[in-house]
Amino acid sequence: MYFSCILIRIQLPYNGPGFEIENFFNYIKVDSKIGLTLKWNKEDSLMLELDKKYANSTCGLCGDFNGISKYKEFYFENTPITNFQFGNQWKVNDPIEDCQDPIPLPQKSCTDEYDICRKILTGSAFIECNDIVSVNSYIDACVHDMCLCDEIEKSSCLCDTFTEYSRQCAHAGGQLQNWRSPELCPMTCSSGMQYQECGSPCANTCTNSERSHVCEDHCVDGCFCPPGTVLDDINGNACIPFEQCSCMYNGESYAPGMTYSAPCRSCICSGGEWNCIDLPCRGICSIQ
């Protein structure tokens, strides 16, 4: 996959001075040595994670990183302000054009939308999430989006809010239930993968079968290999049983059961690993 950055075409993964860009399941991930991580889902979600050393040292749309979700950010001269007013505080004008403040559209009566949003966001699938991530603002966002969406786009508007609440719950350490269904925000995966709301970002592969055992990252949403299989990162991106993994030697792929011989040993490929046995070596004698 290719990723455009400042008009320079690069191939992922890409390592630059002090940073790395890579594919991270459904995300593009940027890791910086200064303690900053960005994750973009290639659509509508951008997440920023900062090292704890930046606590109480930030400002802007993401807040001041003081551990309190709503503190001074949503106040102006000790008076509460709306999300619209808060966003307008951080707009940046172009050199030749001023950005106009967006004006909230008049809220319609959305009793039906409120019932739908509340029923799902406080239902059994999100019951644990409600204890660790406040749900009221997401219900309000859901109702607001549903009111403004066209009839044919309502399903998409609904899913965007549910998906974001699901992400924030997983990020906070919550254990999600599968809230999706064929009728509600369905997700499909290719190559035999299965969609999970909260899967390990350190999936085992043919070349690294122990990766998940040392993973410390919080779970992410995306497509994952079913239990009992690993990602074939040697011959493609399909999910296969680990026993079917190929082995690499001198830059070439060897299927399970294939062998190669080297001086004093013989090796056979088994489950992505070489099993080798020592062989008698020919000796060379000399008389001086």
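In this predicted model, the centres of domain 1 and domain 4 sit 47 Å apart, taken over C-alpha atoms. The domain assignment splits the protein chain into domain 1 (14–90), domain 2 (111–172), domain 3 (194–244) and domain 4 (247–278).

Helix α2 takes up residues 111–121, and its buried residues are Glu113, Cys117 and Leu121. These three span an arc of only 45° around the axis, which means they lie on the same side of α2. That fits the usual helix geometry: with 3.6 residues a turn, residues three or four places apart point the same way. Turn to the other side of α2, and Thr111, Asp112 and Lys119 are exposed. As for what the buried residues of α2 pack against, the partners are α3 (129–132), α4 (136–148) and α5 (154–171).

Two of those buried α2 residues turn up again in the largest nonpolar core. This core has 24 residues, and the ones touching the most other members are Cys117, Leu121, Phe126, Leu158, Phe162, Tyr165 and Trp179. Two or more core residues come from each of α2, α4 and α5. Leu121 gives a good look at the packing here: setting aside neighbours within four places in sequence, Leu121 is in contact with Phe126, Asn130, Val135, Tyr138, Ile139, Phe162 and Tyr165. Of these contacts, Phe126, Phe162 and Tyr165 are also on the list of core residues that touch the most other members.

There is also a second core, separate from that one and made up of five residues, among them Phe24, Tyr27, Val220 and Phe224. Going by the assigned bounds, Phe24 and Tyr27 fall in domain 1, while Val220 and Phe224 fall in domain 3.

Methods. Residues are numbered from 1 along each chain as its sequence is written. This is a predicted model: local features need pLDDT of at least 70, side-chain atom pairs count only at pLDDT 80 or more; totals for chains, interfaces and linings use all residues. Side-chain values use heavy atoms; hydrogens and water are left out. Buried means under 20% relative accessible area, exposed over 50%, partly exposed in between (1.4 Å probe, protein chains only). Helices (H or I, at least four residues) and strands (E, at least two) are DSSP runs, numbered from the N terminus. The arc is that of the directions from the helix axis to the C-beta atoms. Contact means heavy atoms within 4.5 Å. A nonpolar core is a set of buried Ala, Val, Leu, Ile, Met, Phe, Trp, Tyr and Cys residues joined through side-chain atoms within 4.5 Å. Domain bounds come from an automatic or database domain assignment.
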